[in-house]
Amino acid sequence: MSQTLFDLTGKLALITGSGRGIGLTLAKGLAQAGCTIILNDIEEKRLEDAVSLLKKDGFTSHGVSFDVRDEKVIIEKIAFVEKEIGKIDILINNAGIQIRAPLEEFNSDDWRRLIDINLTGAFLVAKAVVQEMIKRKAGKIINICSIQSELARPTIAPYTASKGGIRNLTKGMATDWGKYNVQVNGIAPGYFKTEMTKALYEDPKFDAWLCSRVPANRWGDPSELIGAAVFLSSKASDYVNGHLLYVDGGLMACV
Ligand SMILES: NC(=O)c1ccc[n+]([C@@H]2O[C@H](COP(=O)([O-])OP(=O)(O)OC[C@H]3O[C@@H](n4cnc5c(N)ncnc54)[C@H](O)[C@@H]3O)[C@@H](O)[C@H]2O)c1
């Protein structure tokens, strides 16, 4: 029974920003659970390498390059996928960037770029993908949020605003699309070692602070996000909608 609940055999999943890091790890995890994977990234070479990696591991995967800010291209590429590969059952809005600077010095162009990628991008891709989900009355959307959906930290106020935004966008999507049997949930990772956090885990002071702050006393490994992604992509979560699942070693539970 539990195997059937979590089985994703034959499902098609699109994961944005999956050329590396958390997105690529989730792609491998969903592939292991039975999905065919559509990888996406703005970096074409990175995307090509990621597709090769998945294929080398014996998984069926395709690469579709677009910038999550570019609505026209998103619509074209989603139409291409639906015609040539199949209807998308699962979307993970994962593409995101971080720019660190004190807020009083934060460049307004950087503010717009960050909000456009981290927040508006999720809306644009989900809007394009949900059209077919609505017609078929089935779909799963996962938005990658963050502990910064709730908590700030010095120098990352714009990122915190974008992640708070995507938390509430998740609730809004769940509210509007629940009646079409589309479930929209968020995964909120704590601190995971990827390129995005390299400057932090290479800083001994930050590393020591984090490990003392997190009840688990350590960083997360991206593979530890796979269980949450499989759950929120599968039948097991059919009555879970608008929820934010923290995967953070207990960070949000304690001051
Ligand atoms: N690493 C962490 O500790 C952590 C914690 C919480 C949330 N997150 C979130 O997880 C997601 C993935 O982060 P990561 O750590 O793997 O980062 P990463 O930088 O390793 O990977 C992000 C990927 O997104 C791609 N990307 C950037 N802009 C894009 C665009 N406009 N269109 C398409 N692709 C684009 C990048 O090229 C890159 O391959 C992000 O949304 C991030 O905010 C990460």
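**Notebook: one chain and its ligand**

I began with burial: 42% of the 255 residues in the chain are buried. I noted that this is a predicted model.

**Overall build**

I looked up the elements next. The chain has 9 helices and 7 strands. Its radius of gyration is 17 Å, and the globule rule gives 18 Å for 255 residues, so the chain is as compact as a globular protein of that length. I also took the span of the C-alpha trace along its principal axes, which is about 50 × 45 × 40 Å. Then I turned to contacts between residues at least 6 apart in sequence. Of these, 74% join residues at least 24 apart.

**Helix α9 and V230**

I went to helix α9, residues 226-233. How many of its 8 residues are buried? I found 6, and I wrote the helix down as mostly covered. The buried ones are I226, A228, A229, V230, L232 and S233.

I picked V230 from this helix for a closer look. Why does V230 count as buried? I found 22 other C-beta atoms within 10 Å of V230, and the cut-off for buried is 20 or more. So V230 passes it.

I then listed what V230 touches, leaving out residues up to four places away in sequence. The list is F6, L8, G29, L30 and A33. I checked G220 as well. V230 and G220 are 10 residues apart in sequence, and their C-alpha atoms are 17 Å apart in space.

**Helices α4 and α5**

My next stop was a pair of helices. Helix α4 covers residues 71-84 and helix α5 covers residues 108-136. They pack at an angle of about 35°, and their axes are 9 Å apart. I recorded the crossing of α4 past α5 as right-handed.

Which residues meet here? From α4 I noted E71, I74, I75, I78 and E82. Their partners in α5 are L124, V125, A128, V129 and E132. I sorted the residues of this contact by class: 7 are nonpolar, none is polar and 3 are charged.

**Around the ligand**

I finished at the ligand. I found 29 residues around it, and the closest are G17, G21, G96, T194 and M196. By class, this shell has 11 nonpolar, 11 polar and 7 charged residues.

Which helix gives the most to the shell? I found that α2 does, with 3 residues. Helix α2 runs over 21-32, and both α2 and α5 supply at least two residues of the shell. I had already met α5 in its packing with α4.

How values were computed
Residues numbered from 1 in each chain as written. Predicted model: local features only at pLDDT ≥ 70, side-chain atom pairs only at ≥ 80, totals over all residues. Helix = DSSP H or I, 4+ residues; strand = E, 2+ residues; numbered from the N terminus. Rg over C-alpha atoms; globule rule 2.2 N^0.38 Å. Buried ≥ 20, exposed ≤ 12 C-beta atoms within 10 Å, placed from the backbone. Contact = placed C-beta atoms within 7 Å. Axes fitted to C-alpha atoms, helices over the stretch in contact; angles between N-to-C directions. Left-handed = near helix turned anticlockwise from the far one by under 90°. Nonpolar A, V, L, I, M, F, W, Y, C, P; charged D, E, K, R; others polar. Near = placed C-beta within 6 Å.
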